[in-house]
Amino acid sequence: MIRAAVDAGALVKMLYSSLLAGLSVSIVVSLAIYGVTRSSDMRRLHRGGAATAYAVLALVAAALTAALVVYGLILLTRK
């Protein structure tokens, strides 16, 4: 009988890593969408300072999203 060896530690590490990655990307993308939407709302209400702050939030979140995607691709190509 052939038995496959399963490294339980590596399996658990993969489980929590994938959950953490999925949540991180979801939250950061949501912040980008939130920033764009609220920035547009604030501009419509003639609140320039708040619109700028939300626009900065959107830009930072979009840049972080791109960085997370690039980091994920780098990790993917290493293995």
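This briefing walks through the overall form of the chain, its two helices and a few residues worth a look. Keep in mind that the model is predicted. The chain has two helices and zero strands. Its radius of gyration is 19 Å, well over the 12 Å the globule rule gives for 79 residues, so the chain is more spread out than a compact globule.

**Overall form**

- Taken along the principal axes, the C-alpha atoms fill a box of roughly 75 × 20 × 15 Å.
- Just 11% of the 79 residues count as buried.
- The accessible surface adds up to about 6,400 Å², and carbon and sulfur atoms account for 72% of that.

**Helix 1**

- Helix 1 runs over residues 8-44.
- With 37 residues at 1.5 Å each, helix 1 should span 54 Å, and its end C-alpha atoms are indeed 54 Å apart.
- The buried residues here are Val28, Ala32, Gly35, Ser39 and Met42.
- Helix 2 is part of what covers those buried residues.
- As for spacing, an α-helix has 3.6 residues a turn, so residues three or four places apart point the same way.
- Right after helix 1, His46 takes a positive phi of about 60°.

**Helix 2**

- Helix 2 covers residues 48-78.
- Its 31 residues should span 45 Å at 1.5 Å a residue, and the distance between its end C-alpha atoms, 45 Å, agrees.
- Ala51, Ala58, Ala61 and Thr65 are the buried residues of helix 2.
- Those residues pack against helix 1, and helix 2 in turn helps cover the buried residues of helix 1.

**Tyr54**

- Tyr54 sits in helix 2 and has a relative accessible area of 21%, so it counts as partly exposed, given that buried means under 20%.
- Leaving out residues up to four places away in sequence, Tyr54 touches Tyr34, Gly35, Arg38, Ser39 and Met42.
- Of those partners, Gly35, Ser39 and Met42 are on the list of buried residues in helix 1.
- Looking along the chain, Tyr54 and Ile74 are 20 residues apart, and their C-alpha atoms are separated by 30 Å.

**Thr65 and Ala66**

- These sequence neighbours both belong to helix 2: Thr65 is placed there, and so is Ala66.
- Thr65 has a relative accessible area of 16%, which makes it buried because the cut-off is 20%.
- Setting aside residues up to four places away in sequence, Thr65 touches Val28 and Val29; Val28 is itself buried in helix 1.
- Ala66, by contrast, is partly exposed at 42% relative accessibility.
- Ala66 and Val25 are 41 residues apart in sequence, yet their C-alpha atoms are 9.6 Å apart in space.

**A nonpolar patch on the surface**

- Val6, Leu11 and Met14 make up a nonpolar surface patch, with about 310 Å² of accessible area together.
- Leu11, one of the three, lies in helix 1.
- At 47% relative accessibility, Leu11 counts as partly exposed, because exposed means over 50%.

How values were computed: Residues are numbered from 1 along each chain as its sequence is written. This is a predicted model: local features need pLDDT of at least 70, side-chain atom pairs count only at pLDDT 80 or more; totals for chains, interfaces and linings use all residues. Side-chain values use heavy atoms; hydrogens and water are left out. Helices (H or I, at least four residues) and strands (E, at least two) are DSSP runs, numbered from the N terminus. Buried means under 20% relative accessible area, exposed over 50%, partly exposed in between (1.4 Å probe, protein chains only). Contact means heavy atoms within 4.5 Å. Patches are made of residues with over 30% relative accessible area and no salt bridge: like charges are joined within 9 Å, nonpolar side chains (Val, Leu, Ile, Met, Phe, Trp, Tyr) within 5 Å. Accessible areas come from the Shrake-Rupley method with a 1.4 Å probe; for residues, only the protein chains shown count as cover. A salt bridge is a side-chain nitrogen of Lys or Arg within 4 Å of a carboxyl oxygen of Asp or Glu. The expected span of a helix is 1.5 Å times one less than its number of residues. The radius of gyration is taken over C-alpha atoms; the globule rule is 2.2 Å times the number of residues to the power 0.38.
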